[in-house]
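Reader: I should like to understand how the terms applied to this structure are justified. Please set each value against its definition.

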Amino acid sequence: MITVYGEGRGFRVVWLLEEMGLPYRLRDVDLLAGVENDPEFLAINPAGFIPAIRDGGVTMVESIAIMEYLLGRYGPSPLAPDAQDAAFPAYQQFLHLGEAGLAASVFFLTGAKHFAPETDRDNWTVRQAMHVFTSRLGLVTRRLGEAPYMAGDTFTAADVSVGYALEMARKNIDFALGEAEMAYVKRLRQRDGYQRALAACPGTRGWWSS
């Protein structure tokens with residue numbers, strides 16, 4: 001049984017597990033209560049961030065790395081095109097762009113918007129993070145002008161990565177997505193795997209609807 005520790009970006013992992021039809025259990029990690037009070041989780045990830053997974057003797061952190069592990073360990077899967085497939089380069093690019101270019105920037109913008117002192121909410125670093133986010137979002141917008149999904153005509157794990165980042169931007173920093181991006185997000189929300197993942201993740205469900 002695969003154990004997923006924590007929601008947040010762990011929603012990506014749960015969503016992928018639902019799409020793949022793999023059994024798992026979700027173990028809550030309350031970051032607001034302080035991970036120093038959760039020795040069981042700290043034994044899994046001493047760095048104290050979520051998500052993490054335990055799969056038998058395997059322990060992993062970082063949501064995209066976890067997704068690649070699951071696809072490799074329990075694949076092959078249509079959610080990850082073969083390296084010889086013409087869709088593979090776009091798949092690989094957007095799988096990682098969803099975190100490195102989008103969600104990572106939103107993470108820092110979230111901190112500035114909700115937790116930083118008033119005087120630090122619009123500084124050089126904040127503006128740089130927003131520039132990184134919007135420039136990478138432009139790649140998503142361009143892609144949606146070419147195809148319905150990041151890898152082309154078919155939904156893949158790259159859409160799990162990017163879709164979560166867009167929801168994160170919409171909710172955490174009140175970023176107004178364009179028409180193409182919102183239509184894309186709505187398509188993703190209609191997937192059975194997405195709906196099952198949302199049902200399994202009460203924190204994310206409350207966050208999305210609040």
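Author: The following exchange treats the sheet, a helix packed on it, and one residue of that helix. The model is predicted, with local features requiring pLDDT of at least 70 and side-chain atom pairs counting only at pLDDT 80 or more, while totals for chains, interfaces and linings use all residues. Residues are numbered from 1 along each chain as its sequence is written, and side-chain values use heavy atoms, with hydrogens and water left out.

Reader: How do you know that E1 and E3 pair?

Author: Two strands pair if DSSP finds at least two bridges between them; strands are DSSP runs of E with at least two residues, and helices are runs of H or I with at least four, numbered from the N terminus. Strand E1 (residues 2-5) and strand E3 (residues 52-55) are joined by 4 bridges and run antiparallel. Among the bridge partners, Ile 2 is matched with Asp 55 in E3, and Thr 3 with Arg 54 in E3. Arg 54 in turn has Thr 59 as its bridge partner in E4, and E3 and E4 are likewise antiparallel, with 4 bridges.

Reader: What makes E2 and E4 edge strands?

Author: The open sheet has 4 strands in the order E2-E1-E3-E4, with mixed pairing. Strand E2 (24-27) and strand E4 (58-61) each have a single partner strand, so one side of each lacks a neighbour in the sheet. The twist from one strand to the next averages 20°, where axes are lines fitted to C-alpha atoms, for helices over the stretch in contact, and angles run from 0 to 180 degrees between N-to-C directions.

Reader: Why is helix H1 said to pack on the sheet?

Author: Contact means heavy atoms within 4.5 Å. Helix H1 (residues 10-20) touches E1, E2 and E3, and its direction makes about 155° with that of E1.

Reader: Why is Glu 18 called buried?

Author: Buried means under 20% relative accessible area, exposed over 50%, and partly exposed in between (1.4 Å probe, protein chains only). Glu 18 has 16% relative accessibility and therefore counts as buried.

Reader: What makes the pairing of the Glu 18 and Tyr 24 side chains a polar contact?

Author: A polar contact is a pair of N or O atoms within 3.5 Å; within protein, one must be able to donate a hydrogen and the other to accept it, and residues adjacent in sequence count only if both atoms are side-chain atoms. The side chains of Glu 18 and Tyr 24 meet this at 2.6 Å. The side chain of Glu 18 also makes a polar contact of 3.0 Å with that of Arg 196.
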